[in-house]
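Reader: I've got a structure open on my screen and a list of labels I'd like to challenge. Can you walk me through where they come from?

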Amino acid sequence: MNTFGLVQIGLILLYTTTMSSLNCNHLPLQQRKVIENSLQLLDKMGKKFPQQCLREKMSFRFPEQVLKPKQKETVKMAIEEIFQHIFYIFSKNLTLAAWDGAALEQFQNGLYHQIEQLEACVTKKQTQYFWSKEVNRLKLKKYFQRIDCFLKDKQHNLCSWEISRAEMRRCLQLIDKVVRKLYN
């Protein structure tokens, strides 16, 4: 390969690296926008919380300590994990939810895009180092398993989806609070 070709390849790699780092530098702002948009879409997906579902309220006990580490990378990984779980929950058995399909699709797309962005900004080495103990990951997994089991136990009925939607709203609000505190 000639020198000119190597220079072109080098410039392309430099440009790609610069662009991806710029996106990662703007990650906190992107996260806040995605969370704000997601909260609006959760509201738009359904109507007010149905009165008949009030007696079925459930406490899933979000493990808030997973969002309290002092290292930003650990928080990014926890947020990525949370977004993946939310995406999974909102990608199945939604027939009884009776939600606005367009808002649901936008909600899913926003989460998916943010998951990809977070994956691009957190390197494998960092992931292995910070999550080596797996304690936080297991806490998150148990939390979302409780929600998933609740949905299954209630056969994905309207109330179970509305309660889950309210819980995801609370979860996203906690993430927003942490992102604002961490990056201000």
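Author: Here is how the labels follow from the coordinates. Keep in mind that this is a predicted model.

Reader: Fine. How many helices and strands does the protein chain have, and what pattern do they follow?

Author: The count is seven helices and zero strands. Going along the sequence, that reads α-α-α-α-α-α-α.

Reader: How do you know that the length of helix 4 agrees with its number of residues?

Author: Helix 4 covers residues 101–121, which makes 21 residues. The expected span is 1.5 Å times one less than the number of residues. That gives 30 Å for helix 4, and its end C-alpha atoms are 30 Å apart, so the two agree.

Reader: What sits at the start of helix 4?

Author: D100 does something there: one of its side-chain oxygens comes within 2.9 Å of the backbone nitrogen of A102. Further along, the buried residues of helix 4 include L104, F107, L111, I115 and L118. Q108, Q114 and Q117 are on that buried list too.

Reader: Why is E162 called buried?

Author: The cut-off for buried is under 20% relative accessible area. E162 has 4%, so E162 is buried. You'll find E162 in helix 7, residues 158–183.

Reader: What does E162 touch, and what makes the link of E162 and R165 a polar contact?

Author: Leaving out residues up to four places away in sequence, E162 touches F49, P50, A97 and W99. As for R165, a polar contact needs N or O atoms within 3.5 Å. The side chains of E162 and R165 are joined at 2.6 Å, and that pair counts as a polar contact.

Reader: And why is Q84 called partly exposed?

Author: Partly exposed is what's left between under 20% and over 50%. Q84 comes out at 30%, so Q84 gets that label. Q84 belongs to helix 3, residues 72–89, and touches I115 and E119 once residues up to four places away in sequence are set aside. The C-alpha atoms of Q84 and Q114 are 9.5 Å apart, with their positions 30 residues apart along the chain.

Reader: How do you know that C53 and C159 form a disulfide?

Author: Two cysteine sulfur atoms have to be within 2.5 Å. Those of C53 and C159 are 2.0 Å apart, and the pair is a disulfide. C53 lies in the loop between helix 2 and helix 3 while C159 is in helix 7, so the link ties together parts 106 residues apart in sequence. The angle about the S-S bond is -80°, and the link is left-handed. A search of the whole structure finds one disulfide.

Reader: Which of the cysteines C53, C159, C149 and C171 are buried, and which partly exposed?

Author: Use the under 20% cut-off again. C53 is at 0%, so C53 is buried. C159 is at 7%, so that one is buried as well. C171, at 0%, is buried too. C149 is at 41%, so C149 is partly exposed.

Reader: What makes a set of residues a nonpolar core, and which residues touch the most other members of the largest one?

Author: The members are buried residues of the nonpolar kinds, or Cys, joined through side-chain atoms within 4.5 Å. The largest core here has 45 residues, and L67, I86, F90, F144 and I175 touch the most other members. Helices 2, 3, 4, 6 and 7 each give two or more residues to this core, and helix 7 gives the most, with ten. L67 is in contact with residues including F62, V75, I79, L174 and V178, leaving aside neighbours within four places in sequence. In soluble globular proteins, nonpolar side chains tend to be buried together.

Reader: Last one. Why are R61 and Q155 called exposed?

Author: Exposed takes over 50%. R61 has 55%, so R61 qualifies, and Q155 has 65%, so Q155 does too. R61 lies in the loop between helix 2 and helix 3; Q155 is in the loop between helix 6 and helix 7. Neither is a glycine, yet R61 has a positive phi of about 60° and Q155 has one of about 55°.

Terms used
Residues numbered from 1 in each chain as written. Predicted model: local features only at pLDDT ≥ 70, side-chain atom pairs only at ≥ 80, totals over all residues. Heavy atoms only, no water. Helix = DSSP H or I, 4+ residues; strand = E, 2+ residues; numbered from the N terminus. Buried < 20%, exposed > 50% of the residue type's maximum accessible area, 1.4 Å probe, protein only. Polar contact = N/O pair within 3.5 Å; in protein donor to acceptor, adjacent residues only side chain to side chain. Contact = heavy atoms within 4.5 Å.
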